[in-house]
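Visitor: Got a minute to walk me through this one? I'd like to poke around and ask as I go.

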Amino acid sequence: MPTKPLDPKLITEIDGYLEPDVPNIIRRHDLFRQWKDNIDEHEGGYDSFTKGYLKFGLIVGSNGEVVYREWAPNVREANLIGDFNEWNRSSHPMKKNDFGVWEITIPPTSTGECAIPHDSKIKISMVTPSGQRIERLPTWIRRVTQDLSVSPVYDARFWNPPESQKYKFKNARPPQPKDAKIYEAHVGISTSEGRVGTYKEFTQNILPRIKRLGYNIIQLMAIMEHAYYASFGYQVTSFFAASSRYGSPEDLKELIDTAHGMGLTVLLDIVHSHACKNVLDGLNEFDGTDHLYFHEGGKGRHELWDSRLFNYGSHEVLRFLMSNLRFWMEEYQFDGFRFDGVTSMMYKHHGIGAGFSGGYHEYFGDSADLEAIVYLMLANDAMHTLHPSVITIAEDVSGMPLLCIPTDRGGVGFDYRLSMAIPDMWIKLLKHKSDDEWDIANIVHTLTNRRHGEKSIAYCESHDQALVGDKTIAFWLMDKEMYTHMSDLTEMTPIIARGLALHKMIRLLTHSLGGEGYLNFEGNEFGHPEWLDFPREGNNNSFHYARRQWNVVDEPLLRYKYLNEFDAAMNNLEGQKGWLAAPQAYVSLKHDVDKVLVYERAGVLFIFNFHPSQSFTDYRVGIETAGEYTVILTTDEPRFGGFNNATPGGKYFTTPMEWNGRKNFLQVSSGEAGITQSSGISGHYVQVYIPSRTAIVLALAN
């Protein structure tokens with residue numbers, strides 16, 4: 001049944017300002033419909049089309065035979081070679097069909113065993129029309145390994161372990177979280193030692209940390225195989241191979257299954273925006289041409305990334321990429337994807353030298369790459385059709401309208417977008433402004449400036465800010481004193497006190513005001529003391545900075561534990577109150593002189609005092625819902641490295657008088673609601689005490 005045309009009213013109901021762009025939005029939806037209908041008619045629909053990994057590559061039958069298929073229309077001859085036939089270039093010729101697909105069947109041995117040994121090396125040897133012999137790794141290969149002592153070039157391996165060694169999944173996928181709290185992690189750096197960490201170590205050592213911290217989603221980076229470790233996984237060579245640096249495919253399956261057993265959802269950082277330009281162990285020039293999987297010439301090259309760009313208008317490229325998504329979900333049981341480089345995909349200029357002011361003409365005009373946008377629509381529609389609980393996240397800096405609207409309403413179909421302006425704002429503030437210059441209204445605007453009805457993932461910093469050449473928030477705040485004054489045995493200097501306070505406040509504010517989801521890069525939750533720098537020539541191939549120093553947060557005498565404890569308290573409190581799944585907050589006060597910010601979300605009242613020196617002993621705060629309130633969290637608790645001037649508990653009562661657009665305001669007497677002896681306050685105070693550089697969270701008392 002053909003896909004229904006898009007009703008223009010659906011677009012303008014979402015955003016009336018899109019009316020001038022309705023023809024362009026209809027046009028891209030029509031292209032999407034054509035592709036979807038074509039897949040339905042000629043391929044049997046999404047279900048069949050996205051199972052390319054069960055047809056292409058090396059497929060082992062139940063009787064031990066191996067069928068190998070490869071799309072290489074340009075070559076005139078192809079042979080399967082490897083350890084199994086002593087690399088004989090003529091003993092196992094392949095046959096080509098009318099669609100440019102080469103095929104060979106390797107029968108089992110006389111004893112019924114697979115003729116290609118498990119984990120043995122394998123390649124495809126081809127001859128181009130000019131007579132040149134070229135040898136490549138199979139494009140759908142599921143395991144490749146690298147021996148740097150011999151060569152940086154990867155070897156393809158035939159992965160077919162005995163049944164007894166295949167990992168069997170035990171746990172069902174967790175339900176889709178409605179309050180996405182994402183822990184972004186890289187398996188290789190997840191060890192304190194100067195080496196590459198493993199899947200098994202991550203399973204044993206890191207999963208329990210993530211669970212305790214209150215995150216419910218893990219986003220794994222650098223899983224798709226990449227030739228250069230320092231690329232952070234963004235120069236993919238083998239799209240169906242889990243990186244062998246960290247262990248075997250079975251080890252990764254165990255990691256994901258164990259996470260599921262702990263109630264953790266697992267996302268893959270998928271790289272479909274470009275591919276490594278490697279020829280010998282990548283997709284580039286696979287059949288001797290530069291335009292098999294990619295556009296030819298300059299259109300197929302990314303000048304900043306020095307990589308190849310996919311031809312999303314090709315039927316076989318769509319099969320490859322969409323099957324790649326299905327493969328990771330089915331074979332490894334990933335629960336969804338963070339799509340990397342979406343801005344680069346959606347625009348012909350790839351975001352290079354182009355700024356985005358928010359004008360709608362920037363999104364739907366000639367600069368839009370319709371082929372790439374339609375691929376993203378097909379990918380999202382297919383995955384949500386086949387796996388309704390899938391989560392897809394777009395890394396887009398442009399602010400493309402309708403990016404997170406379903407395809408049947410004219411959108412691109414993502415569930416979330418990353419709010420990339422938020423970390424930029426925090427870094428600029430810490431880098432260029434003194435504390436008394438912070439513009440509270442601008443901070444609020446940046447945190448709340450998101451499209452209605454489209455969900456966002458807020459974050460203070462991700463892996464980008466942790467990389468060498470940049471600084472994490474903790475490093476911007478405390479810099480060299482992190483090396484000398486992070487022990488409880490040393491003086492709590494003004495720099496460390498400010499750093500601990502603002503680190504917590506920035507996180508709580510971003511978490512509760514900035515989006516419908518929250519993301520943290522591993523280690524940043526406790527203010528990891530150093531940057532991230534992978535082994536490379538420029539640092540003598542050192543692993544010193546390519547690791548996470550868990551030892552500093554596990555050491556009871558060091559102050560990193562305070563930030564770690566606060567992160568856990570913040571996430572676990574959200575798990576109880578559910579503010580991420582609630583509508584946007586109502587901001588009742590943003591006072592630029594006092595540096596005070598007040599807002600409500602999910603029935604929870606958040607009060608922030610960013611003033612560097614002024615505490616307020618009698619501050620009137622508005623609240624919508626009447627009742628008795630109590631403090632459920634403050635950043636100033638001793639267990640978080642605070643001064644105990646504001647503590648949990650106490651009783652706040654509402655007075656039915658309008659204040660800052662709310663129906664009530666709060667009142668309290670001294671000795672209640674967080675006023676302590678150490679604060680030096682005495683007498684009768686009827687409103688709220690807000691210490692300097694402190695955030696207070698209140699909720700209705702049970």
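Guide: Sure. One term before we start: a polar contact here is a pair of N or O atoms within 3.5 Å, where one must be able to donate a hydrogen and the other to accept it, and residues adjacent in sequence count only if both atoms are side-chain atoms. Also keep in mind that this is a predicted model.

Visitor: OK, so which side chain does the side chain of His-463 make a polar contact with?

Guide: That of Asp-464, at 3.3 Å. The two are neighbours in the chain, and the contact counts because it runs from side chain to side chain.

Visitor: And where is His-463 found? Is it buried or exposed?

Guide: His-463 is in helix 12, residues 463-466. It's buried, because its relative accessible area is 2% and the cut-off for buried is under 20%.

Visitor: What does His-463 touch, leaving out residues up to four places away in sequence?

Guide: Glu-184, Met-221, Phe-232, Tyr-234, Arg-338 and Phe-521.

Visitor: Let's do sheets. Which strands close into a barrel?

Guide: Eight of them, in the order 10-11-14-17-18-19-20-21, with parallel pairing. From one strand to the next, the twist averages 25 degrees.

Visitor: Zoom in on strand 14 and strand 17. How many bridges join them?

Guide: Four, between residues 265-270 of strand 14 and residues 336-339 of strand 17. As an example, Ile-270 has Phe-339 in strand 17 as its bridge partner.

Visitor: Which strands does helix 9 lie across?

Guide: Strand 17 and strand 18 (391-394). Helix 9 covers residues 370-386 and runs at about 165 degrees to strand 17.

Visitor: Now the open sheet. What's the order of its four strands?

Guide: It goes 1-2-5-4, and the pairing is antiparallel. Strand 1 (57-60) and strand 4 (95-96) are the edges, each pairing on one side only.

Visitor: How do strand 1 and strand 2 pair, and over how many bridges?

Guide: Antiparallel, over four bridges. Val-60 has Val-66 in strand 2 as its bridge partner. Their hairpin has five residues between the strands, and Gly-64 there takes a positive phi near 95 degrees.

Visitor: And on the other side, how many bridges pair strand 2 with strand 5?

Guide: Six, again in the antiparallel sense, with strand 2 at residues 66-71 and strand 5 at residues 101-106. Across that pairing, Tyr-68 stands opposite Ile-104, and Glu-70 stands opposite Trp-102.

Visitor: How many residues of strand 2 are buried?

Guide: Six of the six, so strand 2 is largely enclosed by the rest of the structure. Val-66, Tyr-68 and Glu-70 point one way, while Val-67, Arg-69 and Trp-71 point the other.

Visitor: What about aromatics? How many pairs does a search of the whole structure find?

Guide: It finds 43 aromatic pairs. Take Trp-71 and Tyr-293: the ring centres are 5.4 Å apart and the planes sit at 90 degrees, so the pair is edge-to-face. Trp-71 lies in strand 2 and Tyr-293 in the loop between strand 14 and strand 15 (301-302), so the pair ties together parts 222 residues apart in sequence.

Visitor: Is Tyr-293 buried or exposed?

Guide: Buried, with a relative accessible area of 2%. Trp-71 is buried too, at 11%.

Visitor: Switching to helix 11. Which of its residues are buried?

Guide: Ile-440, Ile-443, Val-444, Thr-446 and Leu-447, in a helix that covers residues 440-448. They span an arc of only 165 degrees around the axis, which puts them on the same side of helix 11.

Visitor: What do those buried residues pack against?

Guide: Helix 10 (421-432), helix 14 (494-513), strand 22 (586-591) and strand 23 (596-601). At the start of helix 11, a side-chain oxygen of Asp-439 also comes within 3.1 Å of the backbone nitrogen of Ala-441.

Visitor: Last one, backbone oddities. What's the phi of Glu-285?

Guide: Positive, about 55 degrees, although Glu-285 isn't a glycine. Most residues other than glycine have a negative phi. Glu-285 lies in the loop between strand 14 and strand 15 and is partly exposed, at 30%.

Visitor: And where's Asn-540?

Guide: In the loop between strand 21 (517-521) and helix 15 (550-554). Asn-540 has a positive phi near 60 degrees, and it's exposed, with a relative accessible area of 71%.

Key. Residues are numbered from 1 along each chain as its sequence is written. This is a predicted model: local features need pLDDT of at least 70, side-chain atom pairs count only at pLDDT 80 or more; totals for chains, interfaces and linings use all residues. Side-chain values use heavy atoms; hydrogens and water are left out. Helices (H or I, at least four residues) and strands (E, at least two) are DSSP runs, numbered from the N terminus. Buried means under 20% relative accessible area, exposed over 50%, partly exposed in between (1.4 Å probe, protein chains only). Contact means heavy atoms within 4.5 Å. Two strands pair if DSSP finds at least two bridges between them. The arc is that of the directions from the helix axis to the C-beta atoms. Axes are lines fitted to C-alpha atoms, for helices over the stretch in contact, and angles run from 0 to 180 degrees between N-to-C directions. Rings of Phe, Tyr and Trp (its six-membered ring) pair if their centres lie within 6.5 Å; planes under 30 degrees apart count as stacked, over 60 as edge-to-face and the rest as tilted.
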